[in-house]
Structure formats: structure tokens, C-alpha cells
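Thank you all for coming; I would like to take a few minutes to walk through a structure that is new to most of us. Please keep the picture in view while I talk, and stop me if anything is unclear.

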Amino acid sequence: MSKNSKVLNLKDKISGNEVDLSLCNLTEVPVRELALFPKATVVDLSCNNITSLPPEFCSLTHLVKVDLSKNQLTCLPDDLGSLSNLQHLDLYNNKLTVLPVSFSQLRGLKWLDLKDNPLEPDLAKAAGDCLDEKQCKQCASKVLQHMRALQEEVDHAREKRLLREKELERKREVKQREREAKEKEARKQEKAEEKLKRRKEYNAQMAALAAKEQQKKKNEQKKKKNRQAAADKKVVVESGPKPRLSLIGLLFKLLLLVLLGLAGVAAVCRLTDLQKEAMCVPVNFAVDDGLLWAREQEGVVRQLVHNLSSAAKEFLQSSQTSK
């Protein structure tokens, strides 16, 4: 069935401000078609097979009276409270258990029938029996009060949830700031530790260089001292025995000169014509006495010569060793 035929059929159902769509075996509400007739403020959709109302149904704000009795409705749209002009609502004999919270916004609702629905206990108690006009009006008033209380609870719960979410968000922000501060402090501490580590390494390097330089100086000083000690020892070795060797040599040389001198004098006085001179007489006499004494002391002389030879050899050997 085309849209034009639906419109034509809907026109056939309109009488004044009323649209009668009852007993049409409908499974859904023709919202678009109803929106084309804003003057049709009364809609009868009873005795059909409608299981739910589409969200677009809430845009039919011109509706004043709606009959949805004897259908298969299990729920109503969440924005049902947008039907600001609705005064009469018949939901008799459906499968509703709850009403949307926005139902409390239907401030103009004067008449309501919720009989024969599996309502939850609190809602069923507020709805009452709806056996006559008076009870249906009371049902509208009490259900609105009940739904307003639910709305307040929902609003309060939403406010609490929002406050809780804000508090959680605030705590998250605080934790985030604390974490960022800790990370910043950790980075700062890490940089400080790294700087301290580099400084310690630098100081250790400088200390090692200073110790190396100090050791080098000590070694140089030690070498210098060793060289100085060696030089001093050499000077002591060279200068110590030399005076003694020089003195012995000098005495030995002096003795040889004296002996040579005496031998020369004796030879002159003994072998030359001067032997008869007065000065040679004592010399010759001394030589004769000496020779006599030498013959007598031949063994002693030999020992003396031997001792002199040994002393001469030791002198020569000590001289070679010192060189």
C-alpha cells in the first residue's frame, strides 16, 4: 500500500478532530500520516496488535486524547513526556510493567487507565482500580505523583552520579597531577644523581691524575735522591781513601828518597876520591858498621825486605782496585 493510499485511507478514518484506527489490525502506529493532520487531536488505536510505540510518536505534541487499550504494548518511549498537550490516555489491557520516568512531565494529564497490565507493585498501588471516571482521574493524579517521586529519585541519583563522576574526575586529576609531580621530581632527582655521578667521576679522574702526578714527583725525587746518594757515596768512596793512600805513598816516596840519598852519599864517599875527606869518614865508618851489622843481621834484613816487598805489592794492588 502506497503512502498516498494510506493518506487516503487515513482521511477516511478522520471525523472532525478524531481519528478512528481501532480494529484495523495494526502492528505499528502510522506516525508520519498522523503528523500530517495536526487538527486531529483525538486518536483511537484500540484493539490492534501494536507492541511498541516508535520514538517519533513523541513528536505528535498536538494529541490531546489517545486510546491504546487492548494492544500488546510492553513499553512506552522514553520521551513520552514530550506530549505536553495530552490529557487523556487509555492503556487498558496491555503488557506494561513500568512507565518511562518522563511520564511525570505530562502535567496536563487528567485521565489515565492502567487496568489489566502486569504493573510493578508500587505503580499498581498508585494506579488503583480505574473502575469508573472518578477512579481514572485519581489514577492520573496519583500516577503522576508517583512518577514525579521516581523522577526526583532519578534526578537525585543522576545528581549523585554526576557528583560522584565529578569527584572521581577530580580525584583522577589530583592523582594525575601527583603522578606528574612525582615523575617530574623523579626526573629532577635522576638528573641530579646523574650530575652527581658525573661530578664524582670527574673528581675521581682529577684525583687519579693528581695521585699519578704526585707519584711521578715522588719517583723523580726518589731518583734524584738516589742519584744524589750515589754521587755522595762516590765522592765519599773517591775522596775517603785517597788522602790515606796519598799519605802512605808520600811517606813511602820520602823514605825511598832518603834511602836513595843515603845510598848516593855512601856511594860517593865509598867509591870516589872523597872517601878520605873529613865529611866522608863518618859516612864510610857508618857504612862499614852497617855492612857488618847487615852481615850479622842477614836474616832480619831478608825478613825486612820480604815485608817491604809484601807491603809494596799490597800498595800496588790497592791502587789498582781504587782505580
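The secondary structure of this chain, in what I should say at once is a predicted model, comes to seven helices and six strands. If you follow the chain along its sequence, these elements come in the pattern α-β-β-α-β-β-β-β-α-α-α-α-α. As for how much of the chain is covered, 23% of its 323 residues count as buried.

Let me begin with the part of the chain that holds the strands. Between β3, which covers residues 42-44, and β4, which covers 65-67, there is a loop, and cysteine 47 sits in that loop. What is the phi of cysteine 47, a residue that is not a glycine? It is positive, at about 60°. Cysteine 47 is also partly exposed, with a relative accessibility of 30%, whereas cysteine 58, at 6%, counts as buried. Since I have just named two cysteines, you may wonder how many disulfides a search of the whole structure finds. The result of that search is zero.

A little further along, in the loop that runs between β4 and β5, the latter being residues 88-90, we come to lysine 70. Lysine 70 likewise has a positive phi, near 60°, and is a residue other than glycine. Its relative accessible area is 41%, so lysine 70 is classed as partly exposed.

Now to the charged pairs. In general, side chains of opposite charge can pair when their charged atoms come close. In this model the count of salt bridges is six, and I will go through some of them. In one, the side chains of aspartate 113 and lysine 115 meet, with 2.7 Å from N to O. Is aspartate 113 buried or exposed? With a relative accessibility of 5%, aspartate 113 counts as buried, because the cut-off for that class is under 20%.

Two further salt bridges belong to helix α4, which spans residues 133-239. Arginine 161 pairs with glutamate 165, and their closest N and O atoms are 3.9 Å apart. Because these two residues are four apart in helix α4, about one helical turn separates arginine 161 from glutamate 165. Both ends of this pair are partly exposed, arginine 161 at 37% relative accessibility and glutamate 165 at 40%.

The other pair in this helix joins arginine 172 to glutamate 169, with 2.7 Å between the closest N and O atoms. Here the spacing is three residues, again about one turn of helix α4. Arginine 172 is partly exposed at 47%, and so is glutamate 169 at 35%.

Let me finish with the surface. Where do we find lysine 184? Lysine 184 is in helix α4, and together with Arg187, Lys188 and Lys191 it makes up a surface patch of positive charge. Lysine 184 is exposed, its relative accessible area being 58%.

A patch of another kind is nonpolar, and its members include Leu247, Phe252, Val258 and Leu262. Taken together, the residues of this nonpolar patch have about 1,200 Å² of accessible area on the surface. Leucine 247, one of them, has its place in helix α5, which runs over residues 241-271.

Methods
Residues are numbered from 1 along each chain as its sequence is written. This is a predicted model: local features need pLDDT of at least 70, side-chain atom pairs count only at pLDDT 80 or more; totals for chains, interfaces and linings use all residues. Side-chain values use heavy atoms; hydrogens and water are left out. Patches are made of residues with over 30% relative accessible area and no salt bridge: like charges are joined within 9 Å, nonpolar side chains (Val, Leu, Ile, Met, Phe, Trp, Tyr) within 5 Å. Accessible areas come from the Shrake-Rupley method with a 1.4 Å probe; for residues, only the protein chains shown count as cover. A salt bridge is a side-chain nitrogen of Lys or Arg within 4 Å of a carboxyl oxygen of Asp or Glu. Lys and Arg count as positive and Asp and Glu as negative; His and the chain ends are not counted. The place of a charge is taken as NZ of Lys, CZ of Arg, CG of Asp or CD of Glu. Buried means under 20% relative accessible area, exposed over 50%, partly exposed in between (1.4 Å probe, protein chains only). A disulfide is a pair of cysteine sulfur atoms within 2.5 Å.
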